[in-house]
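Q: I'm new to reading protein structures and would love a guided close look at one part of this one. Could you take me through it step by step, in plain words?

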Amino acid sequence: LGLDNLDFAVLCALSLAVAAYFYKDKFAELFASDESISVVSSSGSRDIVHVLKENNKNYLVLYGSQTGTAEDYAKKFAKELTAKFSLNVMCADVENYEFDHLNELPSDVIVSFFVSTYGEGDFPDGAVPFEDYLNTLEDGDLSNVKYTLFGLGNSTYEFFNGAAKKAHKKLSNAGANLVGIYGEADDGAGTTDEDYLSWKDALLEELKTVLSLDEHEQRFEPSFTYKVLDSGVTDTVSLGEPTAQYMPTAKLSYNNEGKQLGPFDGTNPYVAPIVKSHELFTSKDRNCIHAEFDLSGSNMKYSTGDHLAVWPSNSDEKVKQFLSCFNLDPETVFDLKPLDSTVKCPFPLPTTIGAAVRHYLEITGPVSRQIFSSLVQFAPNDDIKESLAKIAQDKDLFAKDITSRYFNLADALLYLSNGSKWDSVPWNFIVESVPHLQPRYYSISSSSLSEKQTVHITAIVENNANPSSEKAEPVTGVTTNLLRNIQLAQNKKAVAASNLPVHYDLDGPRGLFKNYKLPVHVRRSAFRLPSNPATPVIMVGPGTGVAPFRGFVRDRVKFVEQQPNVTLGKHLLFYGSRNQDDFLYASEWPDYSKKLGGAFEMIVAHSRLPDQPKVYVQDRLIEREKEVYELIAEKGAFIYVCGDAKGMAQGVHAALVKILSNGKGITTDEAAEIIKMFKANGKYQEDVW
Ligand code: FAD
């Protein structure tokens, strides 16, 4: 078959047209990408050294973050270097860059790493390519690099700060030179902020010498040009849409059936309808919400054991308080433009101040002492300036006056100013200094085998009396109170809803969340049932820790329905609750037992029965010592632990160490080594928080 040039050109054009027709949704998706994810460099390079030089930066801060904490500290650190020493800092996510030429960093540029640890000593999802890069390094590869390193972890996990430790080892083995000391934050001890501040203060002293820096009073140096727009709210102004894909102008982001286009992930959530929700507790003083999200049509898949990330927004009450504290006009429309290509717009822009406060800023939650030092320059008067500077320097005073009172930022500032407004604080300072609202994760409590398109979550509502007598309102969690508001509205319980401590705009921006929808994405986890159904399984999940095990058990029920001739291994579920009032899914378990026959057994511990001793799941494990030992040591059982990382997971670990040590006649250290090995090969899995 002979084709001349014209035939070939016509064929190519035809193929493109056909491809464009069949893949039009995909093309649309590409072109409708979120504007907030800006191009990495004006030249299009992803090479970190190239981009740094191209933008005349003289300090590099890099972070690998899973839930936003490492990112938040990296940004604070970068801002302080600029505000105190006028350094021209590039602050970036390792996810976005390549590091092959890292050793070519200019000799006077230091790189500061902030690395979070996730799961079993793992790097955050986005930092895995960076870890791969570190693994390729050989002795001397980074001999020109000077670095600092701060790890963010939780000592209740076995591999505390595992990722940061790994990074430290790889960097120093490659010849990179550590400046200052390697720092670690321990969320398990609740000291992340203070750990960071003491590491940072010592490091800044060191940097002053190493880089011959002159320190001046903190001056806010914006990373964006900030502009107020007089245009009012038009279709191009975000009202809190999760990404630019949801803007009215992003016409291409819907397919022919009117469904939003994916792929949906951590940068682009799916606005999923909550098709059902109900209260799981029968007691009046505590709440736990079961919510079912419908993913059909989204192309989003999940597997039993994954996590659902829910993107929250702030309550009316907290938004009002924050706006009032800084005397902000919620209607003001503003835009931000990055001053150089290394800076990313933090959310869809332009937007209104009201939308940013409600949808994009973390305005509740504990206050970081560091923000106080940077606010000194904007204090309403000299007296307040003095007391703010004092408390910013005094760790104990800060703990006593601010942290122990459970103040959020607005509470704390209004307390310090005796109610005076902080109207000299520039709005762009607030946007650049207050952390951005992060999605919250929930262990999925449904089974992908049984409910392919519907994801269930089980969320305990964070609504605690404030232990400090000076603040009457309870301390509320953002997402769980939003879920509770939705549950009451969906089930037409208006009176109960009106009595809630906080209320939300359930319709969302331009009605996007109307009829009980919320933005979500699925996060893959390694928490999986063994592929061989005959392998025994020991599950330990008190409280909402039972969530993924409800999914596991539903999975096995469906499996047995589909393959009745397959024999299941023993499945033991150790569950704990205070009493019958908070017994989660109490009516479902007997049915699962019936369907799974002797293969499933639930062993319950209650910690608050009247006139009864407190019994925890770890006590029940010890009571069943012989059987648990046989399942693990002789039948190769997989062990799963889910729920509270602090007390419970450690208690369960200790109980299992004891069981193995007694059973095998070995020391507890030897038994702990065996469990470590189980963790490494996936036979002991934890999903704890
Ligand atoms: P947030 O707003 O994040 O507040 C967190 C806590 O801080 C609350 O207790 C709140 O009362 C308190 N707080 C608020 N303001 C202040 C202040 N100024 N000072 C001091 N404290 C304050 N949870 C579940 O219920 N079920 C699950 O299945 C589940 N699975 C999880 C799986 C993973 C992998 C992870 C990481 C977490 C999981 N969680 C689960 C926890 C969940 O992600 C949330 O952390 C939890 O629901 C609280 O979210 P929130 O937005 O309501 O509270």
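How many residues surround the ligand, and which are the closest?

A: Happy to! Keep in mind as we go that this is a predicted model.

Let's begin right at the ligand. It is surrounded by 26 residues, and the closest of them are Tyr441, Tyr442, Thr458, Thr479 and Thr480. Sorted by character, this shell holds 12 nonpolar residues, 11 polar ones and 3 charged ones.

Now for some individual contacts. Serine 443 takes part through its backbone: one of its polar backbone atoms is 3.1 Å from a nitrogen atom of the ligand. Glutamate 462 uses its side chain instead, with a polar atom there 2.9 Å from an oxygen atom of the ligand. Tryptophan 689 also uses its side chain, placing a polar atom 3.4 Å from a nitrogen atom of the ligand. As for how covered the ligand is, it would expose 970 Å² if taken alone, and the protein buries 82% of that.

Which elements do the shell residues come from? At least two residues each are supplied by β13, β14, β16 (475-476) and α15. Strand β13 gives the largest share, with 4 residues.

Two of those strands lead us to the sheet behind this site. β13 and β14 belong to an open sheet of 6 strands, ordered β13-β10-β17-β8-β9-β14 and paired in the antiparallel sense. β13 (440-443) and β14 (454-460) are the edge strands, and each has a single partner, so one side of each has no neighbour in the sheet. On average, neighbouring strands here are turned by 40° against each other, ignoring direction. If you wonder what holds such a sheet together, strands pair through backbone hydrogen bonds, either parallel or antiparallel.

For one pair to follow by eye, try β8 (residues 270-279) and β9 (residues 288-294): they run antiparallel and are joined by 5 bridges. Within this pair, isoleucine 274 stands opposite phenylalanine 293 of β9.

Helix α15, which we met in the ligand shell, also lies on this sheet. Spanning residues 478-490, α15 lies across β8, β9, β10 (307-310), β13, β14 and β17 (517-523), and it runs at about 70° to β8. A second helix, α17 (residues 547-562), lies across β9, β13 and β14, at about 145° to β14.

Helix α17 also takes us to another sheet. This one is open too, with 5 strands in the order β20-β19-β18-β21-β22, and its pairing is parallel. Its edges are β20 (600-606) and β22 (684-688), each with a single partner strand, so one side of each lacks a neighbour in the sheet. Here neighbouring strands are turned by 15° against each other on average, direction ignored. α17 packs on this sheet by touching β18 (537-540), β19 (571-577), β20, β21 and β22, and its direction makes about 140° with that of β21.

To see the parallel pairing up close, look at β21 (residues 638-643) and β22, which pair over 5 bridges. There, valine 641 stands opposite glutamate 686 in β22. Helix α21 (residues 647-664) lies across β18, β21 and β22, running at about 155° to β21.

So here is a path you can trace on screen: start at the ligand with β13 and α15, move to the sheet that has β13 at one edge, and then use α17 to reach the parallel sheet.

Definitions and conventions. Residues are numbered from 1 along each chain as its sequence is written. This is a predicted model: local features need pLDDT of at least 70, side-chain atom pairs count only at pLDDT 80 or more; totals for chains, interfaces and linings use all residues. Side-chain values use heavy atoms; hydrogens and water are left out. Two strands pair if DSSP finds at least two bridges between them. Axes are lines fitted to C-alpha atoms, for helices over the stretch in contact, and angles run from 0 to 180 degrees between N-to-C directions. Contact means heavy atoms within 4.5 Å. A residue is near a molecule or strand if one of its heavy atoms lies within 4 Å of it. A polar contact is a pair of N or O atoms within 3.5 Å; within protein, one must be able to donate a hydrogen and the other to accept it, and residues adjacent in sequence count only if both atoms are side-chain atoms. Accessible areas come from the Shrake-Rupley method with a 1.4 Å probe; for residues, only the protein chains shown count as cover. Ala, Val, Leu, Ile, Met, Phe, Trp, Tyr, Cys and Pro count as nonpolar, Asp, Glu, Lys and Arg as charged, and the others, Gly among them, as polar.
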